[in-house]
Amino acid sequence: IIPEPMRIMVDGSGYEPRGSEHTRESEICAVCHTLYTPFFDENSAAAGEFPEQMTYLEWENSAYNSETTCQSCHMPKITGNIPSSSEWGPLGKYIRLHSFSGANVFMLQLLNDNAESLLLTAEDAQMQSAIERASAKLQEETASVQISEIDLTDNTLSWDVSITTKTGHKFPSGFPSRRAWLHVMVRDDAGNLVFESGGVQADGLIVGNDNDIDPAKYEPHYTQITNPEQVQIYEPIMLNSQGQVTTSVVEAASYAKDNRLLPNGFDLASASIDIAPYGVAIGDNDFLAGGDTTHYTIEPGDSPGASFTIQVELLYQSIGYRWAENLRPHDTLEGDIFFSMYDSSGNMPVIVAISEKQAQP
């Protein structure tokens with residue numbers, strides 16, 4: 001006998017609703033968010049598998065694996081009395097919104113900007129709500145930045161920028177086109193910009209980033225930054241089987257760099273090679289579980305007695321400039337459609353966190 005409250009769903013779909021404990025466990029998310037992709041060598045022969053997306057394993061190797069689930073962050077609880085197929089009552093303990101808010105503000109905005117040509121069925125209000133939820137997650141639940149005590153001696157200005165992560169996995173995590181970086185600006189007491197690292201153009205290019213300028217190069221992880229051409233970018237950089245930098249997941253054989261910010265409690269000692277950092281970050285004593293600290297030392301110019309204001313932004317892009325530009329030469333209908341939307345929308349990053357501090361002589 002089917003209980004009466006379930007009758008509507010049974011009559012409408014033929015399915016009887018049943019509760020399933022596994023839908024509340026993080027392991028259900030691992031099915032898609034632990035992804036190994038096959039890669040091919042220069043002869044187009046299958047050569048192995050590449051750890052393209054390890055979000056679940058990153059969470060499993062963090063302090064969050066015993067504190068919270070994927071669902072608790074990405075599927076918020078429903079509050080109040082709500083209707084269900086089995087009863088009416090306070091079911092927030094069990095029922096969550098299927099909003100699945102992540103960090104991809106860019107793609108949501110791109111879709112909404114081109115809703116008519118893409119035959120998007122969601123209304124503008126619905127898309128704006130999704131964009132706001134994703135933006136809020138980035139700005140409220142992702143990371144914070146702090147500027148240390150500033151040392152202004154003679155004509156040398158020194159300070160540290162520390163990032164503290166709040167995510168239960170690396171930031172950024174997921175598809176390797178994503179990147180975050182520090183945009184640092186120093187102004188004198190007249191408001192003149194005397195130093196900038198990590199500025200970004202409207203097309204998404206990071207000024208000074210070697211990889212955005214030259215697809216064969218990449219910006220290393222820094223322990224100290226001393227000039228505007230150095231930018232602290234938290235990202236994965238992939239290599240093909242010949243050791244060349246690539247953005248093609250069917251060619252990606254290894255990482256040259258992976259300094260994506262680690263979650264709190266991430267065990268570096270036991271981390272498998274599939275989720276471990278790569279490159280200079282491995283030897284950086286300030287690159288730790290829960291965040292990173294970058295040292296800045298500059299000579300701001302001959303301004304005796306001047307004060308300075310340091311502003312730091314932690315910026316995020318879903319699609320790095322190089323990832324998009326490497327697709328541009330391919331002559332395909334899909335590419336033409338994408339770039340007609342991409343070029344008109346721009347690729348400005350989201351400000352995840354911001355901090356400002358003054359340096360007095």
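## Strand pairing, helix packing and local backbone features

Serine 158 is found in strand β7, which covers residues 156–165. In this predicted model, the side chain of serine 158 makes a polar contact with the side chain of threonine 297, at 3.4 Å. When neighbours within four places in sequence are left aside, the residues in contact with serine 158 are Glu149, Ile150, Asp151, Tyr296 and Thr297. Threonine 297 thus appears both in this contact list and as the partner in the polar contact.

The chain as a whole contains nine helices and 17 strands. Its C-alpha trace spans about 85 × 55 × 50 Å along the principal axes. Of its 361 residues, 44% count as buried. Among contacts between residues at least 6 apart in sequence, 65% join residues at least 24 apart.

Strand β8 (residues 179–188) pairs with several other strands. Strands of a sheet pair through backbone hydrogen bonds, either parallel or antiparallel. With strand β16 (residues 308–317), β8 pairs in the antiparallel sense over 10 bridges. Within this pairing, methionine 185 has glutamine 311 of β16 as its bridge partner, and alanine 180 stands opposite tyrosine 316 in β16. Strand β11 (residues 233–234) also pairs with β8 in the antiparallel sense, over two bridges. Here the bridge partner of tryptophan 181 is isoleucine 233 in β11.

A further antiparallel pairing joins β8 to strand β9 (residues 193–197) through four bridges. Valine 184 has serine 197 of β9 as its bridge partner. The hairpin of β8 and β9 has four residues between the strands, and in this hairpin glycine 191 takes a positive phi near 90°. Nine of the 10 residues of β8 are buried, so this strand is largely enclosed by the rest of the structure.

Strand β16, the partner of β8 over 10 bridges, pairs in addition with strand β17 (residues 350–359). This second pairing is antiparallel and runs over nine bridges. In it, leucine 315 stands opposite isoleucine 351 in β17. Eight of the 10 residues of β16 are buried, so β16 is likewise largely enclosed by the rest of the structure.

A separate description applies to β12, β13 and β14. These three strands form an open sheet in the order β13-β12-β14, with antiparallel pairing. Strands β13 (245–246) and β14 (254–258) stand at the edges and have a single partner strand each, so one side of each is left without a neighbour in the sheet. Strand β12 (residues 236–239) is joined to β14 by four bridges, and the two run antiparallel. The bridge partner of leucine 239 is serine 254 in β14.

Packing between helices was examined for α5 and α9. Two packed helices are described by the angle between their axes and the distance between the axes. The axes of helix α5 (residues 105–113) and helix α9 (residues 333–345) come within 10 Å and cross at roughly 105°. Because angles of 65 to 115 degrees count as roughly perpendicular, this crossing makes α5 roughly perpendicular to α9. On the α5 side the contact involves Phe106, Leu110 and Asp113, which meet Phe338, Met341, Tyr342 and Ser345 in α9. By class, this contact of α5 with α9 has five nonpolar residues, one polar residue and one charged residue.

Several loop residues have backbone features of note. Phenylalanine 171 and proline 172 are joined by a cis peptide bond, with omega about -5°. Proline 172 lies in the loop between β7 and β8. Phenylalanine 100 is a residue other than glycine with a positive phi, near 50°. This phenylalanine 100 is found in the loop between β4 (88–90) and α5. Aspartate 154, also not a glycine, has a positive phi of about 55°. The loop that holds aspartate 154 lies between β6 (151–153) and β7. Aspartate 154 has a relative accessible area of 78% and is therefore exposed.

Technical notes:
Residues numbered from 1 in each chain as written. Predicted model: local features only at pLDDT ≥ 70, side-chain atom pairs only at ≥ 80, totals over all residues. Heavy atoms only, no water. Axes fitted to C-alpha atoms, helices over the stretch in contact; angles between N-to-C directions. Parallel < 35°, antiparallel > 145°, perpendicular 65-115°, else oblique. Contact = heavy atoms within 4.5 Å. Nonpolar A, V, L, I, M, F, W, Y, C, P; charged D, E, K, R; others polar. Buried < 20%, exposed > 50% of the residue type's maximum accessible area, 1.4 Å probe, protein only. Pairing = 2+ DSSP bridges. Polar contact = N/O pair within 3.5 Å; in protein donor to acceptor, adjacent residues only side chain to side chain.
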